[in-house]
Amino acid sequence: MSQAKFVIEHLEPELGKWSMIEYKHISKFLGKDRLWVTNVKNLSGQEELKEYATVITEPTVDLKLKNVCVLDPEGTEVLTPEDAKSIDYYLFGGILGGYPPRKRTEKELTKFLPKDYVVRHLGPMQMPTDSAVYTVNEIHNGKKFEDIPFFDKPEHKINQYEIVQIPMRYVNVNGKPLISAELLDHWSKSDDSDQRFGLYNANEDVPKDEEEEEEEEEEEEVEEDE
Ligand SMILES: C[S@@+](CC[C@H](N)C(=O)[O-])C[C@H]1O[C@@H](n2cnc3c(N)ncnc32)[C@H](O)[C@@H]1O
């Protein structure tokens, strides 16, 4: 089994605390040697990141890599262990999981890549980058996507008053969603809404995505016509 590299193209304007925690977490379970973070231009935190990954200032496309698979929720086929046999580099968007998803991987990454890169998805729900990397490593090691267990939209108790539903899919590792202890701690301390981007109180309605809204509008129009 080849030791494929996992390349994350950082696409947020800053190297914020949340991104740093996710990259550190990936480095912990994958190993520093297999993790590259690209497109890190003069961002504060760059020096700290070097402790956990190979840090590259250029965008991935400038590295002229061969045998690359980009993981994009808009891909038309799911990644399989068969695909993995010819992949040396897996490429992910270093994007925080906003909700509803805005196809940022396609618009900010895939669109600019050479046409010979393989594009694959990991099912219909978006995962945070660390869960996506873990899932791809499982598939690279021979597991089929459909045999990997997940938690969809898990609830997380922030404190005695607040429970949030996290509108994403997490890989299930030993019966728990794969979320780093450092991120849980960060959430519990943060009252800045930007830091809890994508999280909604479980007692409130989770915002609908565009498709759901369109379907509902169509249903309303049909009812009006009747
Ligand atoms: C939190 S996701 C960001 C998704 C982003 N909201 C979007 O609209 O594209 C971070 C990265 O994990 C990978 N990823 C997460 N879920 C995925 C899925 N279901 N299929 C393929 N890639 C996925 C992609 O590489 C993505 O850029």
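The following numbered points comment on the fold, two of its helices, the surroundings of the ligand and two individual residues.

1. Overall content. The coordinates are those of a predicted model, and the points below should be read with that in mind. The protein chain contains 7 helices and 12 strands. Of its 226 residues, 29% are buried. Among contacts in the protein chain with a separation of 6 or more, 68% are between residues 24 or more positions apart.

2. The open sheet. Six strands form an open sheet with parallel pairing, in the order S3-S2-S1-S5-S4-S6. Its edges are strand S3 (54-55) and strand S6 (118-120), each of which pairs on one side only. Within the sheet, S1 and S2 run parallel and are joined by 4 bridges, and Val7 has Trp36 in S2 as its bridge partner. S4 and S5 also run parallel, joined by 3 bridges, with Tyr89 in S5 as the bridge partner of Val68.

3. Strand S2 and its two faces. In a regular strand, side chains alternate between the two faces of the sheet. In S2, both faces are covered, since Leu35 and Val37 on one side and Trp36 and Thr38 on the other are all buried. Trp36, the bridge partner of Val7, is thus one of the buried residues of this strand.

4. Helix H1. The end C-alpha atoms of H1 are 20 Å apart, which agrees with the 20 Å that its 14 residues should span at 1.5 Å a residue. The helix lies across S1, S2 and S5, and runs at about 155° to S2. Its buried residues are Trp18, Ser19, Ile21, Glu22, Tyr23, His25, Ile26 and Ser27, and what covers them includes S1, strand S2 (35-38), helix H2 (46-49), S5, H5 and helix H6 (181-189). When reading that list it may help to recall that an α-helix has 3.6 residues a turn, so residues three or four places apart point the same way. After H1 comes Gly31, which has a positive phi, near 105°.

5. Tyr23 within H1. Tyr23 is placed in helix H1 and counts as buried because 26 C-beta neighbours lie inside 10 Å, where the cut-off for a buried residue is 20 or more. Leaving aside residues up to four places away in sequence, Tyr23 touches Ile8, Val37, Leu49, Tyr52 and Ala53. Of these partners, Val37 is also one of the buried residues of S2. As for Ile8, it is 15 residues from Tyr23 in sequence, with the two C-alpha atoms 8.8 Å apart in space.

6. Helix H5. H5 (residues 129-140) has 12 residues and reaches 16 Å from its first C-alpha to its last, close to the 16 Å expected at 1.5 Å a residue. Because 10 of its 12 residues are buried, H5 is largely enclosed by the rest of the structure; the residues concerned are Thr129, Asp130, Ser131, Ala132, Val133, Tyr134, Thr135, Val136, Ile139 and His140. Their cover includes strand S1 (5-10), helix H1 (17-30), strand S4 (68-71), helix H3 (81-84), strand S5 (89-94) and strand S10 (169-173). The helix lies across S1, S4 and S5, running at about 165° to S5. H5, like H1, is followed by a glycine with positive phi: here this is Gly142, near 110°, while for H1 it is Gly31.

7. Surroundings of the ligand. The ligand is surrounded by 22 residues, the closest being Phe92, Gly93, Gly97, Pro101 and Thr105. The elements that contribute two or more residues to this shell are S5, helix H4 (104-108) and H5. By class, the shell comprises 10 nonpolar, 8 polar and 4 charged residues. S5 and H5 have therefore already appeared above in another role, as H5 lies across S5 and S5 is part of the cover of the buried residues of H5.

8. Phe151 in strand S7. Phe151 lies in strand S7 (residues 150-152). It is partly exposed because 19 other C-beta atoms lie within 10 Å, whereas a buried residue needs 20 or more. Not counting residues up to four places away in sequence, Phe151 touches Tyr170, Asn172 and Pro177. The C-alpha atoms of Phe151 and Val173 are separated by 9.7 Å, the two residues being 22 apart along the chain.

Conventions. Residues are numbered from 1 along each chain as its sequence is written. This is a predicted model: local features need pLDDT of at least 70, side-chain atom pairs count only at pLDDT 80 or more; totals for chains, interfaces and linings use all residues. The expected span of a helix is 1.5 Å times one less than its number of residues. Two residues are in contact if their C-beta atoms, placed from the backbone, lie within 7 Å. A residue is near a molecule or strand if its C-beta atom, placed from the backbone, lies within 6 Å of it. Ala, Val, Leu, Ile, Met, Phe, Trp, Tyr, Cys and Pro count as nonpolar, Asp, Glu, Lys and Arg as charged, and the others, Gly among them, as polar. Two strands pair if DSSP finds at least two bridges between them. Axes are lines fitted to C-alpha atoms, for helices over the stretch in contact, and angles run from 0 to 180 degrees between N-to-C directions.
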